[in-house]
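Good morning, everyone, and thank you for making time for this. I would like to walk through one structure slowly, so please have a look at what comes up next before I start talking about it.

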Amino acid sequence: MAVSVSNSLTRIIASGMESKERVLEASIKKIVTGERIHKGADDAAGMHAGSKLESQVRGLTVTVARQKETLNDLYTAEGAIIKIGDLLQRMRELTLNAQSDTIDDSQRKLIHAEANIIKASIDLVATNTSSGGVNLLDGSYLNKTIQMSPEALDTMTFNISSIKPEKMI
């Protein structure tokens, strides 16, 4: 069974975060250099615009923070999936060895025992891989939605199915 890991999703999130960070930096620069307004009486329209801009900056800050958290979750899951792929490759090698007519039954029993250890290791990785107290690979990481921009409908939903051994068969 071949396992393919693609990090294009993480690239999409990372590219979205880069543009959000640039917007955030530009907004902060505008606030820092535009401190001519101290109270509403100085410039009511300017005060309103400054408050609106500050609200947008705070919203973008939260959005970028959540995107980074999700990206960390995906990197953690990717690392565990790579480890499971390595374990599956070893199991494939064992399977090919067990099919050979050059080994006897006692050697097949040893191969079977090692295959069971590998299966238990895969289950352990799938069960214990977590980020921020949330399990990632046991099938419970479902319908995780993050905001991609200040626009209300600009969201992305993530699901990571279980990769426990009993779900692979």
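Let me begin with a term: a residue is called buried when its relative accessible area is under 20%, exposed when that value is over 50%, and partly exposed in between. With that in mind, Glu54 has a relative accessible area of 36%, so Glu54 is partly exposed. I should also say at once that what you see is a predicted model.

Now for the overall picture. The protein has four helices and four strands, and if you read along the sequence, these elements follow the pattern α-α-α-β-β-β-β-α. Of its 169 residues, 28% count as buried. If we take the contacts in the protein between residues with a separation of 6 or more, 64% of those contacts come from residues that are 24 or more positions apart.

Let us turn to two of the helices. Helix H2 runs over residues 44–98 and helix H3 over residues 105–128, and the two pack with their axes 10 Å apart, at an angle of about 165 degrees. Because of that angle, H2 is roughly antiparallel to H3, and the crossing in which H2 passes H3 is left-handed. Which residues meet where these helices pack? On the H2 side they include Ala80, Ile84, Leu87, Leu88 and Leu94, and on the H3 side they include Ile111, Ala115, Ile118, Ile122 and Val125. Two charged residues that I will come back to, Arg90 in H2 and Arg108 in H3, are also among the residues that meet there.

That brings me to charge. In general, side chains of opposite charge can pair when their charged atoms come close. How many salt bridges are counted here? The count comes to five, and I will go through some of them.

We can start with Glu54 again, whose side chain meets that of Arg58 in a salt bridge, at 3.0 Å from N to O. These two residues are four apart in helix H2, which means that about one helical turn separates them. Arg58 counts as exposed because its relative accessibility is 57%, whereas Glu54, as I said, is partly exposed at 36%.

Further along H2, the side chains of Glu93 and Arg90 meet in a salt bridge at 3.3 Å, N to O. Both residues lie in helix H2, three residues apart, which is about one turn of the helix. Glu93 is partly exposed, with a relative accessible area of 35%, and Arg90, at 31% relative accessibility, also counts as partly exposed.

In helix H3, the side chains of Arg108 and Asp105 form a salt bridge at 3.8 Å, N to O, and here too the partners are three residues apart, about one turn of the helix. Arg108 counts as partly exposed at 27% relative accessibility, while Asp105 is exposed, with a relative accessible area of 56%. Salt bridges can also share partners, and in this model such sharing joins Arg90, Glu93 and Glu114 into one network.

Next, consider a charged residue without such a partner. Lys164 sits in the loop between strand S4, residues 155–160, and helix H4, residues 165–168. Is Lys164 buried or exposed? Lys164 is buried, and yet it has no salt bridge, with the nearest side chain of opposite charge, that of Asp123, 4.1 Å away. Since a salt bridge here requires the nitrogen and the oxygen to be within 4 Å, that distance does not qualify. Not counting residues up to four places away in sequence, Lys164 touches Asp123, Ala126, Thr127, Leu137 and Asp138.

I will finish with two more places. Asn143 lies in strand S3, residues 141–147, and at 56% relative accessibility Asn143 counts as exposed. If we leave aside its neighbours within four places in sequence, Asn143 is in contact with Thr157, Phe158 and Asn159. The C-alpha atoms of Asn143 and Met156, which are 13 residues apart along the chain, are separated by 9.3 Å.

Finally, Ser149 is found in the loop between S3 and S4, and with a relative accessible area of 8% Ser149 is buried. Its contacts, leaving aside neighbours within four places in sequence, are with Lys20, Thr63 and Asp154.

Technical notes
Residues numbered from 1 in each chain as written. Predicted model: local features only at pLDDT ≥ 70, side-chain atom pairs only at ≥ 80, totals over all residues. Heavy atoms only, no water. Buried < 20%, exposed > 50% of the residue type's maximum accessible area, 1.4 Å probe, protein only. Contact = heavy atoms within 4.5 Å. Lys, Arg positive; Asp, Glu negative; His and termini not counted. Axes fitted to C-alpha atoms, helices over the stretch in contact; angles between N-to-C directions. Parallel < 35°, antiparallel > 145°, perpendicular 65-115°, else oblique. Left-handed = near helix turned anticlockwise from the far one by under 90°.
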